[in-house]
Amino acid sequence: MRLRTRRTTATGTTPDRPAAARGLHVRLGGKEILCGVDLDVHAGEVLGLVGPNGAGKSTLLAALSGDLEPSSGDALLWDRPIRDWSPLDTARRRAVLPQAHGVSFPFTAREVVEMGRAPWAGTDRGAHDEDRIAAAMARSETETFATRPFTSLSGGEQARVMLARVIAQDAGLVLLDEPTAALDLRHQELVGRLCRDLAAEGRAVVIVLHDLDLAAAYADRTALLANGRIASCGPPAEVFTAERLGDVYRQAVKVEPDPDTGTPRVTPLRRIC
């Protein structure tokens, strides 16, 4: 069993439910992307958002972060509608890693990570900036290129620097949109372990993933989205059934327990001629 702890920050103790969606609807370009989503995000857990392209995963993450205004319903942060918080108070409570990370100026990798400390400028927490930045870069294995311009880094290196920025922000709610997309096998696993470590510290981690095996290995719960709705939510072993995944992804799969960990392993059924 994975143990949950509660985490005390400068904004107070992270509540048991730092984020939630209540009847969340989002319309974009005349199309309803989210259709009445209800979801609780708990402190001390990793929640994986999975589902096919266009299911609404990134839209849900953007609504939970406050970066996207819902058409109706509420995204809650610390049990209050996120729109009721000031931008600074929001930034002290939640950190976001978007899919795209454009940095057009020649900041060094370390300077990009340092941007994560901006919400704490002028507070007692600012005295810990150097330690938080160094720790975040060590955990993301980015310290070896700390002085290099961000624009000179590979896509995978940039992704890890942006992840370090999120860690350095030291928020109780961490929202990650496809953080493993540009990463090699080793660093995909590194991200999974980091998510588990952040949850063990008492943070709530929500991560959008396409790799179902990675979600099964590292998430406490998975929310499977389909057509803007949550088709199923619970432990991966309960959500990841061959029938359900086959229906949602329109692809026949085989689901078997991993022989080493017991977590579900999902394999597409292929015909190779």
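Start by selecting Trp-78 in this predicted model. Trp-78 is buried, because its relative accessibility is 13%, under the 20% cut-off. Trp-78 sits in the loop between strand 6 and strand 7. Its phi is near 55°, a positive value in a residue that is not glycine. Most residues other than glycine have a negative phi.

Next, colour the chain by pLDDT. The mean is 93, and 95% of the residues reach 70 or more. Select residues 3-11, where pLDDT stays under 50. The model has 29 contacts beyond four places in sequence for residues 3-11. Where pLDDT is low, the predicted coordinates should not be read in detail.

Now return to the strands on either side of Trp-78. Show strands 3, 4, 6 and 7 together: they form an open sheet in the order 4-3-6-7, with antiparallel pairing. Which strands stand at the edges? They are strand 4 (31-41) and strand 7 (80-81); each has a single partner strand, so one side of each is left without a neighbour in the sheet.

Select strand 3 (residues 19-28) and strand 6 (residues 72-77), which run antiparallel and are joined by five bridges. His-25 is the residue to pick here, standing opposite Ser-72 in strand 6. Then add helix 1 (residues 57-65), which lies across strand 3, strand 4 and strand 6. Helix 1 runs at about 120° to strand 3.

Show the side chains of Arg-22 and Asp-40. They form a salt bridge, with 2.5 Å between the closest N and O atoms. Arg-22 lies in strand 3 and Asp-40 in strand 4, so the pair ties together parts that are 18 residues apart in sequence. Arg-22 counts as partly exposed, at 30% relative accessibility, and Asp-40 counts as partly exposed at 26%.

Asp-74 and Arg-83 make another stop. Their closest N and O atoms are 2.7 Å apart in a salt bridge. Asp-74 has a relative accessibility of 22% and counts as partly exposed; Arg-83, at 49%, also counts as partly exposed.

Move on to helix 4 (residues 129-139) and select Ile-133, Ala-136 and Met-137, which are buried. They cover an arc of only 95° around the axis, which puts them on the same side of helix 4. What covers the buried residues of helix 4? The cover includes helix 3 (109-114) and helix 5 (155-169).

Just after helix 4, select Glu-141, which takes a positive phi of about 55°. The side chain of Glu-141 meets that of Arg-186 in a salt bridge (2.4 Å, N to O). Arg-186 lies in helix 6 (residues 185-200) and Glu-141 in the loop between helix 4 and helix 5, so this pair ties together parts that are 45 residues apart in sequence. Arg-186 is partly exposed, with a relative accessible area of 49%. Glu-141 is partly exposed as well, with 25%.

The structure holds 19 salt bridges. To see a group of them, select Arg-125, Arg-132, Arg-139, Asp-170, Glu-201 and Arg-203, which are linked in a network of salt bridges.

End at Arg-250, in the loop between helix 9 (242-249) and strand 13 (253-257). Arg-250 has a positive phi of about 55° although it is not a glycine. Is Arg-250 buried or exposed? At 78% relative accessibility, Arg-250 counts as exposed.

Conventions
Residues numbered from 1 in each chain as written. Predicted model: local features only at pLDDT ≥ 70, side-chain atom pairs only at ≥ 80, totals over all residues. Heavy atoms only, no water. pLDDT = per-residue confidence, 0-100. Contact = heavy atoms within 4.5 Å. Pairing = 2+ DSSP bridges. Helix = DSSP H or I, 4+ residues; strand = E, 2+ residues; numbered from the N terminus. Axes fitted to C-alpha atoms, helices over the stretch in contact; angles between N-to-C directions. Buried < 20%, exposed > 50% of the residue type's maximum accessible area, 1.4 Å probe, protein only. Arc of directions from axis to C-beta. Salt bridge = Lys/Arg side-chain N within 4 Å of Asp/Glu carboxyl O.
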